[in-house]
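Biologist: I am new to this one. Please take me through a single part of it closely.

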Amino acid sequence: MDIEQKQAEFIDHFVKQASAQKGTALVSVIVEATSHPSLFAFSEILAVPTFAELDGTENSEYLEVLRLFAHGTWSDYKSNSGSLPQLVPDQVLKLKQLTVLTLAETNKVLPYDQLMLELDVTNVRELEDFLINECMYAGIVRGKLDQLRRCFEIQFATGRDLRPGQLGSMIETLSNWLGTSDNLLISIQDKIKWVDNMSELDKKHRKEVEDKVEELKKSISAKKLPTVSRLKLTSEGSKRSTLNLVE
C-alpha cells in the first residue's frame with residue numbers, strides 16, 4: 001500500500017472521529033492525529049466543522065496546534081510556544097518531519113547548517129540519523145546525503161497541505177507555465193514548417209540539378225556517337241572486311 005493510500009485511510013478515520021465528537025473530546029482527537037507516525041496531511045481534518053467550535057474556548061490552543069501541523073514548522077512552534085500547549089515527543093518528531101517537507105518545497109539542495117538550525121540539531125551525525133531513520137525510511141522523502149558538500153539533495157518529497165493563499169499563487173504559476181508551454185509549442189511548430197519548406201526546396205533543387213545532369217549526359221553522348229561513313233572491301237592475300245568509321 002503506497003503512502004498516498006495510507007494517508008487517505010488515516011484522514012478518513014480522523015475525519016469520522018472528529019465529526020462524532022464535540023468540545024473537550026476533540027482535544028484527544030487532535031493529539032492523536034498530530035502524533036500519528038504515518039499521517040502528514042491535516043487540512044481535511046482541520047476542515048471538520050466541529051473543530052471550529054473550539055475557537056474562542058479554553059481549548060482553542062489545541063485548534064492552533066492542528067493549524068500548526070497543517071501549515072507550520074518547528075520554528076513556528078518555538079516562536080509561539082508560550083501560547084501553545086507543550087507537545088509530546090511524537091508530536092515534536094512529526095513537526096520536525098513536516099519542517100523538512102516545507103524546506104523541500106522551495107529548495108532541492110538543503111545545506112546541513114540550515115537543517116540543523118531549523119530542526120534544533122547540534123551535530124551532523126544526529127542530523128543524518130534523523131534524515132535517514134525518520135524521513136527516508138518513513139517514505140516521506142528520498143535523497144542523497146552529501147557529507148563532502150554538507151548538504152541533503154532532495155529527489156522526492158511528499159507534499160504538504162496548501163497554506164491559505166497558496167492556491168492562488170500555485171494557479172498563477174501553472175498559468176504562466178501553460179503560457180510558456182503554448183509559446184514553445186508554437187515556436188516548435190514554426191520550426192517544423194520551416195524544415196518542411198526547406199526540405200521541399202531542397203528536393204526541387206535536387207530534381208533540377210539531376211535533370212540538368214541528365215540533359216548534359218545526353219548532349220555529350222550525342223556528340224561522341226560515331227557514324228558510318230563508308231564500307232570498303234579489300235583483298236590482300238585473304239578476304240576481309242574493314243569498317244571505316246569517321247566521327
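Biologist: In which sense do strand 2 and strand 3 pair, and over how many bridges?

Modeller: Strand 2 and strand 3 (residues 151-157) pair in the antiparallel sense, over 6 bridges. Strands here are DSSP runs of E with at least two residues; helices are runs of H or I with at least four, and both are numbered from the N terminus. Two strands count as paired if DSSP finds at least two bridges between them. In general, strands of a sheet pair through backbone hydrogen bonds, either parallel or antiparallel.

A word on the source. This is a predicted model, where local features need pLDDT of at least 70, side-chain atom pairs count only at pLDDT 80 or more, and totals for chains, interfaces and linings use all residues. Residues are numbered from 1 along each chain as its sequence is written, and side-chain values use heavy atoms, with hydrogens and water left out.

Now the sheet. It is open, has 3 strands in the order 1-3-2, and its pairing is antiparallel. Strand 1 (109-111) and strand 2 (141-146) are the edge strands, each pairing on one side only. From one strand to the next, the twist averages 25 degrees. Gly 143 stands opposite Ile 154 in strand 3.

Two helices pack on this sheet. Helix 8 (residues 112-119) touches strand 1, strand 2 and strand 3, a contact being heavy atoms within 4.5 Å. The direction of helix 8 makes about 70 degrees with that of strand 1. Angles run from 0 to 180 degrees between N-to-C directions, with axes fitted to C-alpha atoms, for helices over the stretch in contact. Helix 9 (residues 124-136) touches strand 2 and strand 3, and its direction makes about 160 degrees with that of strand 2.
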